[in-house]
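Got your viewer ready? Load the model, switch to a cartoon view, and let's take a walk through it together.

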Amino acid sequence: MTLPTFLIIGSFKCGTTSLHHYLSHHPEIQMAAMKETNFFSGPPGKFPYTPGAKRIKYLSEYENLFDSAFTVRGEASPNYTAYPRRRGTPERITQLIPDVKLIYLVRDPVARTVSHFHHRVSTEGEHRSLSGALSDLSDPYSPYLCPSFYALQLDQYLQHFAREQILVIDQAELLSNREATLREVFRFLSVNDSLIAKQFQEEINTAKDRRTYSKLIFLVRWARASPLQRIPRGVRVTLRDSFEKVVSQPLEPPRLSDELRARLQDLYARDVACLREMTGETFPTWSI
């Protein structure tokens, strides 16, 4: 079978799209043209995907995303680290590709939570205020909260994979020290780590690119989500951006109150401490 040799398992709003883009420009690496296949996420169950969002269901369809001419192949699906909203993902991965390498991107959990909310306002029709969306910080199934519990997510994988199969990358390092960070990723994947490409300077899906859309645009996006995913990313982004700039407005980032910031910091403090112990990393730029 032609299957991925590595997976970018998350997290949401931590640079997975950018890393997917950078790796696709390494001549020894083949990235699936479709990002977020969600193949190992399992059925939607209680928490459905965004209407129209694609999920690869069949193994034969999944195999077709990968080229056997490459010995290093990968895909990126942030839903792979959304426990407990998505359960059983590591188990499904290890049953099919037990020797796979896993790349886990993380960032300041408070900043990630706010960015995730901002993204859903822009792309998924979230209409609540930030404080309204985060009114219940005790909800373990919150789509905004659970992906920020990085140690909890990592622990699910460590029950099934060896620690050396998992590389944890801080998004802050990918932004501020990109060449060194990419060299670390390349070494982890056992490919040439001296490669430098002009595409490594690009940043994808930044906050400044987020815009507000009408309900009609959401319907168009959802109706065409699957076919658009199969168009080469460069062409797809150019066409989409040109169209959406005509019918949308820039989206201002949400304002996080001091009170809510403090509550989120308290909420994530224990998990961050566990993550530092598990990885040996200090994450010096984080607010916790």
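Which elements do the buried residues of helix 6 pack against? Keep in mind as you look that this is a predicted model. Select residues 150-158, which make up helix 6. Its buried residues are Tyr 150, Ala 151, Gln 153, Leu 154, Gln 156 and Tyr 157, so show those side chains, under the 20% relative accessible area that counts as buried. They pack against three strands' and helices' worth of scenery, namely strand 1, helix 3 (89-96), strand 4, helix 4 (109-123), strand 5 and helix 12 (258-279).Next, the sheet. Color the strands and you'll find five of them in an open sheet, ordered 2-3-1-4-5, with parallel pairing. Strand 2 (29-31) and strand 5 (166-170) sit at the edges with a single partner strand each, so one side of each has no neighbour in the sheet. On average, neighbouring strands here are turned by 25 degrees against each other, direction ignored.

Zoom in on strand 1 (residues 6-10) and strand 4 (residues 101-106), which pair in the parallel sense over four bridges. To see one of the partnerships, pick Ile 8 and Ile 103: Ile 103 in strand 4 is the bridge partner of Ile 8. Now add helix 1 (residues 16-24), which packs on the sheet and touches strand 1, strand 2, strand 3 (72-76) and strand 4. The direction of helix 1 makes about 160 degrees with that of strand 1.

Stay around here and select Ser 11, in the loop between strand 1 and helix 1. Is Ser 11 buried or exposed? Ser 11 is buried, at 0% relative accessibility. A polar atom of the Ser 11 side chain lies 3.3 Å from the backbone oxygen of Pro 147. Setting aside neighbours within four places in sequence, the contacts of Ser 11 include Thr 16, Tyr 104, Arg 112 and Tyr 150. That last residue, Tyr 150, is one of the buried residues of helix 6 from the start of the tour.

Now for the nonpolar core. The largest one has 66 residues, and those with the most contacts inside it are Leu 7, Leu 23, Tyr 62 and Leu 189. Click on Leu 7: beyond its neighbours within four places in sequence, it is in contact with residues including Phe 40, Tyr 62, Ile 97 and Ile 103.

Last stop, the cysteines. How many disulfides does the structure hold? Zero. Try selecting Cys 14, which is buried with a relative accessible area of 0%, and then Cys 146, also buried, at 2%.

Notes
Residues are numbered from 1 along each chain as its sequence is written. This is a predicted model: local features need pLDDT of at least 70, side-chain atom pairs count only at pLDDT 80 or more; totals for chains, interfaces and linings use all residues. Side-chain values use heavy atoms; hydrogens and water are left out. Two strands pair if DSSP finds at least two bridges between them. Helices (H or I, at least four residues) and strands (E, at least two) are DSSP runs, numbered from the N terminus. Axes are lines fitted to C-alpha atoms, for helices over the stretch in contact, and angles run from 0 to 180 degrees between N-to-C directions. Contact means heavy atoms within 4.5 Å. A disulfide is a pair of cysteine sulfur atoms within 2.5 Å. Buried means under 20% relative accessible area, exposed over 50%, partly exposed in between (1.4 Å probe, protein chains only). A nonpolar core is a set of buried Ala, Val, Leu, Ile, Met, Phe, Trp, Tyr and Cys residues joined through side-chain atoms within 4.5 Å. A polar contact is a pair of N or O atoms within 3.5 Å; within protein, one must be able to donate a hydrogen and the other to accept it, and residues adjacent in sequence count only if both atoms are side-chain atoms.
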